[in-house]
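These are my notebook entries on a single protein model. I record what I looked up, entry by entry.

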Amino acid sequence: MKDVLFYYIRRNEKVKEFLAPFYKGYIYCKEYNRNKCYAIGAIKKLLEVDITQKRIWYFCVPTHSNLGDQAQACCIEKYFRKFFSDHIVFKLSNNAFDFYEEKILMILKEKIKETDLIFFQSGYTFTGIHPYENMHRKIVENFPYNKIVFLPQTVKFKNQKILENVQNFYGKYDNIYFFARDKISYDIYKSIFPEHRNVHCFPDIVTTEIGNYDFNNNERNGILLCVRNDVEKLYSFQEISLFKEKLQKIAKVSLSDTNSETKENSLKEYWKKIEETIDDYAQYQVIITDRYHGTIFALIANTPVIILKTTDHKVVTGADWFEGVYEDYVYVVNDLEEASQVAQQIVTGFEYRKLPSYFKEKYYDRLKDIIEYGELKNDNL
């Protein structure tokens with residue numbers, strides 16, 4: 001119980017809110033200086049961009065420590081290296097853009113040619129009120145002739161007014177490729193952009209790593225409980241604490257999250273941390289999580305995963321991708337009682353195997369066709 005309490009204190013938003021006034025000035029200065037460094041560094045690199053080369057502009061690159069978002073960034077860069085190896089990739093965070101918006105936008109107008117491709121970071125950012133929204137809109141309205149790709153998004157709007165605002169703004173542009181990360185998000189996209197021809201449903205890009213690792217010789221032991229502590233969590237601290245105690249009657253239980261405690265300096269360092277996380281997941285008999293990338297990391301580690309519900313559709317509908325593909329590896333449960341029952345079954349006896357590389361081959365090996373031709377060529381799957 002003690003470790004669960006400390007875990008929640010470290011991540012509890014109400015605790016952070018309570019402490020905020022005592023070090024608000026320190027945090028503001030730290031963030032201000034950090035974003036200023038991002039912006040100055042970005043401007044310096046922008047001025048060095050060679051406009052004679054083919055370019056990809058990768059915007060809203062994450063600077064926070066969430067391993068799921070950093071895993072997306074790593075996989076996006078891997079994708080560029082494989083399928084656009086003749087392009088130079090320029091990366092820009094929204095922190096840098098928002099800090100010196102006018103100056104950076106002025107340089108971008110000089111550097112971005114109509115043949116350049118623009119990509120936005122994947123994730124839960126197409127909400128109309130996300131911190132990325134300003135950068136999304138500025139880029140979209142200033143580069144209406146470039147192909148602009150919103151990599152797979154979870155789509156949800158707080159209210160009808162925000163939805164209509166998004167619809168009115170983005171509905172004017174037919175150069176955008178919208179990729180939804182689940183069926184509900186896809187349906188929302190289609191409802192607000194019914195005439196738009198470039199709306200597609202694609203799995204999260206981190207699924208391309210499933211099938212790349214083999215842990216069949218691992219000696220597995222225990223249960224990993226990977227749970228969030230933010231506005232999306234469904235279960236309280238007390239419920240998770242009691243749940244952990246119940247699971248300990250089945251096997252040894254460890255507690256974690258997909259947030260990194262420290263900020264790394266590069267994607268290479270983040271990927272090292274992500275691989276360490278995947279290797280850790282491969283030591284367990286089963287993972288129980290309400291994190292979307294906790295689910296994907298478990299499958300990369302060839303470890304069965306039990307999915308807990310959250311306050312929205314992201315995690316549960318994201319699991320729909322695995323139905324009929326890794327069916328005996330993924331279990332969406334209705335409550336904590338069902339989760340403990342499924343965990344008991346898995347711990348009692350499970351046949352572990354290396355999972356196939358389905359999503360990489362089915363989707364991302366063919367994503368370039370959609371971007372270049374608007375459809376999949378030679379689609380016989």
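**Entry 1. Asn229**

Is Asn229 buried or exposed? I looked up its relative accessibility, which is 5%, so I entered Asn229 as buried. I note at the outset that the model is a predicted one. Asn229 sits in the loop that runs between strand 8 (223–226) and helix 9. I then checked a pair that is distant in sequence: Asn229 and Asp290 are 61 residues apart along the chain, and their C-alpha atoms are separated by 9.9 Å.

**Entry 2. The whole protein**

I next took the totals. The protein has 381 residues, and 53% of them count as buried. I found 15 helices and 12 strands listed for the protein. For the accessible surface I recorded about 18300 Å², with 50% of that area belonging to carbon and sulfur atoms. I also looked at contacts with a separation of 6 or more: residues 24 or more positions apart account for 79% of them.

**Entry 3. Helix 9 and helix 13**

How do helix 9 and helix 13 run relative to each other? I first noted their extents, residues 237–247 for helix 9 and residues 336–348 for helix 13. Their axes come within 11 Å and cross at roughly 25 degrees. Angles under 35 degrees count as roughly parallel, so I entered helix 9 as roughly parallel to helix 13. The handedness of this crossing is right-handed.

I then listed the residues that meet. Helix 9 contributes Glu239, Phe243, Lys246 and Leu247. Helix 13 contributes Leu336, Glu337, Ala339, Ser340 and Ala343. Sorted by class, the contact of helix 9 with helix 13 holds five nonpolar residues, one polar residue and three charged residues.

**Entry 4. Helix 10 and helix 11**

I repeated the procedure for helix 10 (residues 267–281) and helix 11 (residues 292–300). Here the axes come within 8 Å, and the crossing angle is roughly 70 degrees. The range from 65 to 115 degrees counts as roughly perpendicular, and I therefore entered helix 10 and helix 11 as roughly perpendicular to each other. Helix 10 passes helix 11 in a right-handed crossing.

Which residues make the contact between them? On helix 10 I recorded Ile274, Thr277, Ile278 and Tyr281. On helix 11 I recorded Gly294, Phe297, Ala298 and Ile300. The contact of helix 10 with helix 11 divides into six nonpolar residues, two polar residues and no charged ones.

**Entry 5. Thr295 and Thr310**

I stayed with helix 11 and looked up Thr295, which belongs to that helix. Its relative accessible area is 1%, so I entered Thr295 as buried. Beyond its neighbours within four places in sequence, Thr295 is in contact with Thr289, Val305, Ile307, Val315 and Phe322. For one of these, Ile307, I also took the C-alpha to C-alpha distance from Thr295: the two are 12 residues apart in sequence and 7.2 Å apart in space.

Where is Thr310 placed? I found Thr310 in the loop between strand 11 (305–307) and helix 12 (314–318). With a relative accessibility of 8%, Thr310 counts as buried, since the cut-off is under 20%. Setting aside neighbours within four places in sequence, I listed Arg228, Glu232, Leu234, Asp290 and Val315 as the contacts of Thr310. Val315 thus appears in the contact lists of both Thr295 and Thr310.

**Entry 6. Positive phi**

I looked up residues with a positive phi that are not glycine. Asn302 has a phi of about 60 degrees. Asn302 lies in the loop between helix 11 and strand 11. I recorded a relative accessible area of 0% for Asn302, so it is buried.

Cys60 is also not a glycine, and its phi is positive at about 65 degrees. Its loop connects strand 1 (55–59) and helix 3 (67–83). At 0% relative accessibility, I entered Cys60 as buried.

**Entry 7. His136**

What does His136 touch, apart from residues up to four places away in sequence? I listed Cys60, Phe120, Thr125, Phe150 and Tyr170. The list includes Cys60, the residue with the positive phi of about 65 degrees from the previous entry. His136 is located in helix 6 (residues 133–142). Its relative accessibility is 0%, and I therefore entered His136 as buried.

Key
Residues are numbered from 1 along each chain as its sequence is written. This is a predicted model: local features need pLDDT of at least 70, side-chain atom pairs count only at pLDDT 80 or more; totals for chains, interfaces and linings use all residues. Side-chain values use heavy atoms; hydrogens and water are left out. Axes are lines fitted to C-alpha atoms, for helices over the stretch in contact, and angles run from 0 to 180 degrees between N-to-C directions. Helices (H or I, at least four residues) and strands (E, at least two) are DSSP runs, numbered from the N terminus. Angles under 35 degrees count as roughly parallel, over 145 as roughly antiparallel, 65 to 115 as roughly perpendicular and the rest as oblique. A crossing is left-handed if the near helix is turned anticlockwise from the far one by less than a right angle, and right-handed if clockwise. Contact means heavy atoms within 4.5 Å. Ala, Val, Leu, Ile, Met, Phe, Trp, Tyr, Cys and Pro count as nonpolar, Asp, Glu, Lys and Arg as charged, and the others, Gly among them, as polar. Buried means under 20% relative accessible area, exposed over 50%, partly exposed in between (1.4 Å probe, protein chains only). Accessible areas come from the Shrake-Rupley method with a 1.4 Å probe; for residues, only the protein chains shown count as cover.
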